[in-house]
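Work through the following exercises with the sequence and the coordinates at hand. Each task is followed by a solution in steps.

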Amino acid sequence: MVGTPALSQEQTVAGEDEPQVTAVEEIVITGSRIRLADYVQSNPVVSVTSEQIEYSGVTNVTDFMSDYPALVGSFNNQESADTGGQVSVGLNLLNLRGLGTNRTLVLIDGRRHVASDPGSAAIDTNTIPVALIERVEVLTGGASAIYGADGVSGVVNFVMKDDFEGIDLRAQTGWSDEGGGDRHFVSGLIGENFLDGRLNLTFGFEWAEDEALSPNDRSYTRIGQRETLAANPDDLADDPNVPDYILQRNVRYPDTSLGGSVYTDLDFNDELYGFDYQGDGQLWESGQLTNDFTVIGGSGSLLDVFQDEILPAQDRMAFNTSGRYDFAPRHSFFFEGKFVRIETGFNAQPTYDFGYGEAGEYVYTGLWTGIDNPFMPDAIREDALTNPTGLGNPGNAALLGVDPGVFVQRDNLDFGFTGRDITRDTFRTVVGLEGDIGDSGMRYEVSYVWGKTETESTYLNNRLNDRFLAAIDVVDGPNGPVCRSDLDPSSYLDNPNVDSRVGARTFTPGAASGCVPLNIFGNGSPSQEALDWIHVDSLQTAEIEQRVFSAFVTGDSAAWFNLPGGPLSFAVGMEQRFESSESRVSDLEALGQSVRDELDPENDPALAYDVSWSGAGVDSSGAFDVSEVFVEFNAPLLSDLPFIQELNLDAAYRYSDYSTAGSTDTWKLGARWRLNDWIMFRATEARSVRAPNISELFLPRTQTFALLDDPCDTDNQNLGTDNRQANCSAELSSLGFDPNNFDNTSSSSIEGIVGGNPDLEAEEADTFTAGFVFTPQFAPGFSLALDYYDIDLTNAIQFFQAQTVVDQCYDLPQPNQFCDLIGRNETNGFINYFEQSAVNVASYQTSGYDMTIRYNLNPLDFGIEQDIGRFNFALAATKLEELVFVELDTPDEQLGFPGAPEWVATFDALWQWRDFAVNYGFTYYDETYRIDPQTLAAEPDYVEDQFRMYSAREQHDIQARWNVNDSFTLYGGVNNFTNQEPDRGSAVYPIGALGRFFYVGGSMSLGAVGDALFWR
């Protein structure tokens, strides 16, 4: 991470041999509202300065901060480029200590900021203009007592520039060595003082464009080239000497293809995964069979087809204004205003058609289309008509309850990609008063914050299934192919693909329907006119609003009394906060839900596919308010004694009354003991809370989808608890299936229901920190800080993952609550339904060590006569001891998995000489598990040893700068200049696919605006 010399610890100020400012104004350090010059806290605060963000070459603050050890699991553009993310696409959310983005409190100048993700409190850091950042401060523990809920893992506070005078301009462009993902950035900041300095006005503008990075931009993610960890075709007998899974190309689905997989006769199961023809009439090639519902080679679709973009495209534009007016001596009015527009989106997977049905002894799959379909290749029609068991034979077709025809399964790459286009508009204003209360030494601040985020999310190529089913039922008409329902409207409800209860909802069958015949035989066969008729772009909208009124007084006891170490400092105040979120589904989703409500108020899973043509959803909304009071103090107990240069005690308490979760109280107690100029010890104990957010409370029961591994599949029965095999055996036997030979071959998403819980309680976290700061006088400019942290989060709110619901049903003794939340299809025994809801059933435990070393070295101080420059060295590292997620008393150790490496470190070396500077940065994560150790314990031959772990991340960055004169600076650099790539089989880990990235830029900084206007 280039520029980590900015990872400075405010607690190292005392004792460092650096120039000191003689007239120090009162300042605020994150984690305290008490104003104290050079205030040092009992818990660690680590700062990142604006200069070092610029040294990094990044134009997205999360890209920089997510390399900081405590924030390594943050949600950036790489994580948000996911079909399942829906409106989360393009969001950048900080995740402190790996406890979740909802548990990281992000502040602007110590004040709340409106959220960006509907229903949550998570703030998109893209809405924070890089050019306005003065510094970023990261605090672990004790935050809720100072700032309220959501900070159970800590606080990230962005301190912004104010009272700015002059003009700052910056422009930068960057490109990747292998193409794709180019980035461009322009920012401007102008400020001026008026009325003899009593009034300051500052205006800022920022524009950034990040181009998309698609799978085709990298050789190892390109279709046909990507390696996948898939079942070994040479291990069908599960030989313990042969690895179960290997990395291989040409891995395919056995049952769907780009041009269609066609059954022409009744012998559906004459050969496992055996089809008869490809959609273009060529014979079907089955490929080499494996044990995990994949094949190597053959006619099926490559798994590579179903890839999202690696990085989404994003355009960001921000306008800011701020001002301060001293309307009376020692009294000021201040304001801030901001508008940020972010446009983002991505291309995602194509649609697919895959399904099961049963008639008598026959199990069939796919879409039916009639034998009279003129698009059907002659070879397919002839086989269906002449084969003794062919489906063109009326008798054979009648066994399945259909007219003569064939069944087709298809991956619809030629229909175009689905995707999202998202626009987010963020508005925020802050107004307030601050000043001194007479000559008492106390100060006051009163402020009001209003913020709103408006989101428009367009779902691209949303397929209307009622139209699609009409368009593929084609016959010859007077002037060529025509939709059957145009000639005979009643035939639409007789179509075996159509559930007559649903019927046609977005068109009226008949000659005026507009139906355009769609050819599903062969890749690339559909006409654009047909695709236009079955697709529509649908719009979702959301609005989040926040209002915060706060007031507090801070001061000290100097006018009344002093403790042995000095006056008691304190802050006392109140806060009133209101949060609301409203999401409105598209007209199609509303129509889908109305169909569900009309036909299926009990959410019958059998109807899922038939109404999913428009997606089923309802509008959702929720709001809450909270009233709070808080107090904080810092007591200097002793000072200037032998072995006690300073001994301070600090504490805070906050009482909150939520309209939803009821009352909570939080507290913090800390101590700081400076033994001498060399060493200081510190420790804190704190109780924090997080009240449930709006989605967790008010999310209505809506449709969702998940890919599930069936725990009762024969290959999975030995991967759970001792209960799993017996529970699976009992259920499968009751449905008429052999538990010893049960293969769930479904590769499609399962439809389920997800919803909130208005009875949720607040989460609680107990945090302990302890450490020391070492600033030896024999090495001026050197500082070392080492801190231990321990966070125990209980009563955690958890939406059960769909896979967890399914696994717990069979892993726990029966009967249990989870089996009521899933369903199985009686036809084939496959899971076909699940429910998810939020409950207070989880906990987290995490602990580790943070270390920061800084050394500012000037060789001239050591008697070297020739000026060879100054050197700054910085090391920030975290040793993660544990990160355990416990759901229903089932511990899940996440230490050592991606997102939670045991060791994370960043090292930087900055050399400054005259008008030149060179900064080198190195980021390191150690190896992490590719395969769960529990899986390896159960299956030692699961993979070869070399593929059990992801390799370490070792990223090298470098930047060079030249100050042309006092006003202009030119710079350029390369990030990841060794071009480390993701590990084989991955596109994102341990490093992203952007690869070696070059950038060049320049900045201009001028003095007073008046001087700048006449600059020559």
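The exercises below cover strand pairing, a helix contact, two buried side chains and some backbone geometry.

The model is predicted, so local features need pLDDT of at least 70 and side-chain atom pairs count only at pLDDT 80 or more, while totals for chains, interfaces and linings use all residues. Residues are numbered from 1 along each chain as its sequence is written, and side-chain values use heavy atoms, without hydrogens and water.

**Exercise 1. A small sheet**

Task: Give the strand order of the open sheet that contains S11, S14 and S15, and name its edge strands.

Solution.
- Step 1. Take the elements from DSSP runs, numbered from the N terminus: helices are H or I with at least four residues, strands are E with at least two.
- Step 2. Count two strands as paired if DSSP finds at least two bridges between them.
- Step 3. The order is S11-S15-S14, with antiparallel pairing.
- Step 4. Strand S11 (251-252) and strand S14 (288-289) are the edges, as each pairs on one side only.
- Step 5. Two bridges join S14 to strand S15 (residues 295-296); Gln 288 has Ile 296 of S15 as its bridge partner.

**Exercise 2. A hairpin and its further partner**

Task: Describe how S24 pairs with S23 and with S27.

Solution.
- Step 1. Strand S23 (residues 419-437) and strand S24 (residues 442-463) are antiparallel and share 19 bridges.
- Step 2. At the turn end, Ile 437 stands opposite Met 442. The two strands make a hairpin with four residues between them, and Gly 438 in the turn has a positive phi of about 55°.
- Step 3. S24 also pairs with strand S27 (residues 535-556), again antiparallel and over 19 bridges. In this pairing Thr 455 faces Ala 542.

**Exercise 3. Two helices in contact**

Task: Classify the crossing of H14 and H15 and list the residues that make the contact.

Solution.
- Step 1. Two packed helices are described by the angle between their axes and the distance between the axes.
- Step 2. Fit each axis as a line to C-alpha atoms over the stretch in contact, and take the angle, from 0 to 180 degrees, between N-to-C directions.
- Step 3. The axes of helix H14 (residues 724-734) and helix H15 (residues 802-811) come within 7 Å and cross at roughly 95°.
- Step 4. H14 is therefore roughly perpendicular to H15. The classes are roughly parallel under 35 degrees, roughly antiparallel over 145, roughly perpendicular from 65 to 115, and oblique for the rest.
- Step 5. With contact meaning heavy atoms within 4.5 Å, H14 contributes Arg 724, Asn 727, Cys 728 and Glu 731, and H15 contributes Asp 807, Cys 809, Tyr 810 and Asp 811.
- Step 6. These residues divide into three nonpolar, one polar and four charged. Here Ala, Val, Leu, Ile, Met, Phe, Trp, Tyr, Cys and Pro count as nonpolar, Asp, Glu, Lys and Arg as charged, and the others, Gly among them, as polar.
- Step 7. Nine of the ten residues of H15 are buried, including Val 805, Val 806 and Tyr 810. Buried means under 20% relative accessible area, exposed over 50%, and partly exposed in between (1.4 Å probe, protein chains only).

**Exercise 4. Two buried polar side chains**

Task: Which polar contacts do the side chains of Gln 314 and Ser 513 make?

Solution.
- Step 1. A polar contact is a pair of N or O atoms within 3.5 Å; within protein, one must be able to donate a hydrogen and the other to accept it, and residues adjacent in sequence count only if both atoms are side-chain atoms.
- Step 2. Gln 314 is in strand S16 (residues 313-328) and is buried at 3% relative accessible area. A polar atom of the Gln 314 side chain lies 3.1 Å from the backbone oxygen of Gly 90.
- Step 3. Beyond four places in sequence, Gln 314 touches residues including Asn 77, Asn 126, Asp 210 and Glu 343.
- Step 4. Ser 513 lies in the loop between helix H9 (491-494) and helix H10 (528-534), and is buried at 12% relative accessibility.
- Step 5. The side chain of Ser 513 makes a polar contact of 2.5 Å with that of Asp 486. Phe 507, Thr 508 and Trp 533 are among the other residues in contact with Ser 513.

**Exercise 5. Backbone exceptions**

Task: Where do the cis peptide bonds before Pro 815 and Pro 990 lie, and are Asp 163 and Arg 914 exposed or partly exposed?

Solution.
- Step 1. Most residues other than glycine have a negative phi, and most peptide bonds are trans.
- Step 2. The bond between Gln 814 and Pro 815 is cis, with omega about 5°; Pro 815 is in the loop between H15 and strand S37 (822-824).
- Step 3. The bond between Tyr 989 and Pro 990 is cis, with omega about 5°; Pro 990 is in the loop between strand S46 (968-975) and strand S47 (997-1006).
- Step 4. Asp 163 has a positive phi near 50° and sits in the loop between strand S5 (154-160) and strand S6 (166-176). Asp 163 is partly exposed, at 41%.
- Step 5. Arg 914 has a positive phi near 55° and belongs to the loop between strand S41 (903-913) and strand S42 (916-925). Arg 914 is exposed, at 65%.
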